[in-house]
Amino acid sequence: MSLSHEESTAIREAVARVGDRIQPILHPHPGLERRNAYAHLWLGIKVRFGEEWRDSADPSSVLALIQWIDANPNLEYDDWAGPAVHRSAAERGLLFE
């Protein structure tokens, strides 16, 4: 089972809010003329939770990463010490892992 509408909305709103706040304070990055804070957040989610994060990631864990990026916008995603929690197969409505 994918994220519910409410969970997706909460994550999108958090990315928008944090992206607005960190845009002016992101350090330059090699190869990028101007950094995009929203892309930075979405990429962090994909890096830490995988390409299929919408289908498996625990929403509270995703929101925790977003909050961490808000507090640490210029650190590497791998510096986040929080667990990338995934929902179990049963929680996703699957019969098998």
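## A walk around α1 and its neighbours

Start with Leu26, in the loop between α1 and α2. Keep in mind as you click around that this is a predicted model. Is Leu26 buried or exposed? Its relative accessibility is 12%, so Leu26 counts as buried, the cut-off being under 20%.

Now show what surrounds Leu26. Leaving aside neighbours within four places in sequence, Leu26 is in contact with Arg35, Asn36, Ala37, His40, Pro73 and Asn74. Next, pick Asn72 and draw a C-alpha to C-alpha distance from Leu26: you should get 9.8 Å, for two residues 46 apart in sequence.

**Next stop: α1 and α2**

Select residues 37-49, which is helix α2, and bring up α1 along with it. What should you look for in a pair like this? Two packed helices are described by the angle between their axes and the distance between the axes. Here the axes come within 8 Å and cross at roughly 130 degrees. That angle makes α1 oblique to α2, and the crossing is right-handed.

Turn on side chains for the contact. From α1, you want Ile11, Arg12, Val15, Ala16, Val18, Gly19, Asp20 and Ile22; from α2, take Ala37, Tyr38, His40, Leu41, Trp42 and Ile45. Colour them by class and you'll find ten nonpolar, two polar and two charged residues. You've already met two of the α2 residues here: Ala37 and His40 are also among the contacts of Leu26.

**Over to α4**

Keep α1 (residues 5-22) on screen and add helix α4, residues 59-71. How do these two run relative to each other? They pack at an angle of about 5 degrees, with axes 10 Å apart, so α1 and α4 are roughly parallel.

The contact takes in Glu7, Ala10, Ile11, Ala14, Val15, Val18, Arg21 and Ile22 of α1, plus Pro59, Val62, Leu63, Ile66, Ile69 and Asp70 of α4. By class, that's eleven nonpolar residues, three charged and no polar ones. Ile11, Val15, Val18 and Ile22 appear here and in the contact with α2 as well.

**Last stop: Ser61**

Stay in α4 and click Ser61. With a relative accessible area of 6%, Ser61 is buried. What lies around Ser61, beyond the neighbours within four places in sequence? Show Phe49, Trp80, Pro83, Ala84 and Val85, which are in contact with Ser61. Zoom in on Pro83 to finish: its backbone oxygen lies 2.7 Å from a polar atom of the Ser61 side chain.

Technical notes
Residues are numbered from 1 along each chain as its sequence is written. This is a predicted model: local features need pLDDT of at least 70, side-chain atom pairs count only at pLDDT 80 or more; totals for chains, interfaces and linings use all residues. Side-chain values use heavy atoms; hydrogens and water are left out. Axes are lines fitted to C-alpha atoms, for helices over the stretch in contact, and angles run from 0 to 180 degrees between N-to-C directions. Helices (H or I, at least four residues) and strands (E, at least two) are DSSP runs, numbered from the N terminus. Angles under 35 degrees count as roughly parallel, over 145 as roughly antiparallel, 65 to 115 as roughly perpendicular and the rest as oblique. Contact means heavy atoms within 4.5 Å. Ala, Val, Leu, Ile, Met, Phe, Trp, Tyr, Cys and Pro count as nonpolar, Asp, Glu, Lys and Arg as charged, and the others, Gly among them, as polar. Buried means under 20% relative accessible area, exposed over 50%, partly exposed in between (1.4 Å probe, protein chains only). A polar contact is a pair of N or O atoms within 3.5 Å; within protein, one must be able to donate a hydrogen and the other to accept it, and residues adjacent in sequence count only if both atoms are side-chain atoms. A crossing is left-handed if the near helix is turned anticlockwise from the far one by less than a right angle, and right-handed if clockwise.
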